[in-house]
Amino acid sequence: MLVVNQYMTMSFPCRGNTCYKERFHPKCDVCKQFIPTNMNGIIEYRAHPFWLQKYCPSHEVDGTPRCCSCERMEPRESRYVLLDDGRKLCLECLDSAVMDTNECQPLYLEIQEFYEGLNMKVEQQVPLLLVERQALNEAMEGEKTGHHHLPETRGLCLSEEQTVSTILRRPRMTGNKIMEMITEPYRLTRRCEVTAILILYGLPRLLTGSILAHEMMHAWLRLKGYRTLSLDIEEGICQVLAHMWIESEIMGGSGSNAKSTSSSSSSSTSSKKGGRSQFERKLGDFFKHQIESDTFVAYGDGFRAGNQAVLQYGLKHTLEHIRLTGTLPF
């Protein structure tokens with residue numbers, strides 16, 4: 001589920017006047033210094049296409065970390081939280097981060113209710129486990145088949161019997177580091193076509209939920225006996241459901257019922273802490289933007305084609321057409 005954004009490069013002519021520089025010369029949002037000119041005397045900087053955080057081009061190669069969730073660079077005056085697998089998380093994303101398997105269960109129930117609201121109830125009881133990056137990668141290697149979003153996988157829908165290390169209790173934070181991760185082995189047994197859904201720990205609620213909605217769609221397709229689909233069809237329609245869930249959360253505000261793009265409704269709480277901050281609403285818009293602008297062919301083009309079909313023909317008809325033909329309706 002990792003999306004690589006295309007970052008903007010901006011250039012402006014430089015003027016030597018000190019007063020003009022103080023008033024108009026852009027400063028870097030990372031190091032807070034005046035952005036230097038290039039060899040041609042032009043002020044050149046990078047800017048995130050969504051957050052519009054502007055920074056010196058050098059920060060792309062000097063080891064300045066990005067938040068693994070919102071992708072913003074770490075400003076020098078603040079310190080992101082270091083997760084045990086090397087990822088870094090900004091404090092705003094940490095505020096709603098889901099850290100262990102038990103903490104994720106209420107969100108799992110919300111996603112199940114969302115699917116029920118779309119008349120797509122998942123009848124089977126599929127375990128949901130929050131895991132570390134290493135456990136996720138090991139489980140991915142244990143799968144005989146499956147589609148995985150490179151360069152990093154954040155969620156998996158498993159079909160094989162495995163033993164997975166799941167996070168038992170929310171880890172303790174010391175300073176700006178996550179410490180004392182407590183895990184336990186969980187043996188997956190095959191009672192149906194899906195043995196478990198795994199989600200990477202430490203991501204904000206809205207991102208965790210969108211990944212879960214995506215993986216739930218993989219589970220639904222398998223449990224409903226859909227044929228083996230092409231990568232762009234399956235990943236595309238799974239991204240459509242993830243996008244619909246985020247949209248329902250954004251439109252739902254503080255937990256009221258909200259209509260999704262398919263004109264179906266789902267109730268959900270706005271946050272695991274009972275309220276949604278302005279940043280969390282903005283974060284939801286960012287995760288929608290990530291799905292909509294994904295440059296991976298299967299996930300990006302697949303989503304855009306699937307979403308267009310759902311908007312034109314409705315979700316029910318689109319899924320029936322996929323079941324019968326393995327393709328989208330046109």
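The following paragraphs lead through a predicted model, from its nonpolar interior to its cysteines and its unusual backbone angles.

The interior is a suitable place to begin. The largest nonpolar core contains 84 residues, and those with the most contacts inside it are Leu198, Met217 and Leu241. Helix α5, which runs through residues 205–223, supplies eleven residues, the largest share of this core. When neighbours within four places in sequence are set aside, Leu241 is in contact with Phe114, Tyr115, Leu118, Ala213, Met217 and Leu315. Apart from this core lies another, made of ten residues, among them Val30, Tyr45, Ala47 and Tyr55.

Helix α5 deserves a closer look. Of its 19 residues, 18 are buried, and the helix is thus mostly covered. Its length can be checked by simple reasoning: at 1.5 Å a residue, the 19 residues of α5 should span 27 Å, and this agrees with the 26 Å between its end C-alpha atoms. Just after the helix, Gly225 adopts a positive phi of about 80°.

Strands come next. Strand β7 comprises residues 128–131; Leu128 and Leu130 point one way from it, Leu129 and Val131 point the other way, and all are buried. This strand pairs in the parallel sense with strand β13, residues 196–200, over four bridges. Within that pairing, Val131 has Leu200 of β13 as its bridge partner. An antiparallel pairing is found elsewhere, where strand β2 (residues 42–47) and strand β3 (residues 54–55) are joined over two bridges. Arg46 stands opposite Tyr55 in β3. Tyr55 is also one of the residues of the ten-residue core. The two strands β2 and β3 form a hairpin with six residues between them, and Leu52 in the turn has a positive phi of about 60°.

A charged side chain may also be followed inward. Lys288 lies in helix α7, residues 278–292. Is Lys288 buried or exposed? With a relative accessible area of 17%, Lys288 falls under the 20% limit and is therefore buried. Its side chain is joined to that of Glu247 by a polar contact of 3.3 Å. Beyond its neighbours within four places in sequence, Lys288 is in contact with His243, Ile246, Glu247 and Ile250.

The cysteines raise a separate question. A disulfide is a covalent bond between the sulfur atoms of two cysteines. How many disulfides does the structure hold? The number is zero. For Cys28, the closest cysteine sulfur belongs to Cys31 and is 3.7 Å away, so the two are too far apart for a bond, the cut-off being 2.5 Å. Cys28 is buried, with a relative accessible area of 1%. Cys157 is likewise in no disulfide, and the nearest cysteine sulfur, that of Cys238, is 8.4 Å away. Cys157 counts as buried at 6% relative accessibility.

Finally, two loop residues merit attention for their backbone angles. Most residues other than glycine have a negative phi. Lys32, however, has a positive phi near 65°. This lysine is found in the loop between α1 (18–24) and β2. Lys32 is partly exposed, with a relative accessible area of 38%. Asn119 also has a positive phi, near 60°, and is located in the loop between α3 (101–117) and β7. Because its relative accessible area is 72%, which is over the 50% limit, Asn119 is classed as exposed.

Notes: Residues numbered from 1 in each chain as written. Predicted model: local features only at pLDDT ≥ 70, side-chain atom pairs only at ≥ 80, totals over all residues. Heavy atoms only, no water. Pairing = 2+ DSSP bridges. Core = buried A, V, L, I, M, F, W, Y, C linked by side-chain atoms within 4.5 Å. Buried < 20%, exposed > 50% of the residue type's maximum accessible area, 1.4 Å probe, protein only. Contact = heavy atoms within 4.5 Å. Expected span 1.5 Å × (residues − 1). Polar contact = N/O pair within 3.5 Å; in protein donor to acceptor, adjacent residues only side chain to side chain.
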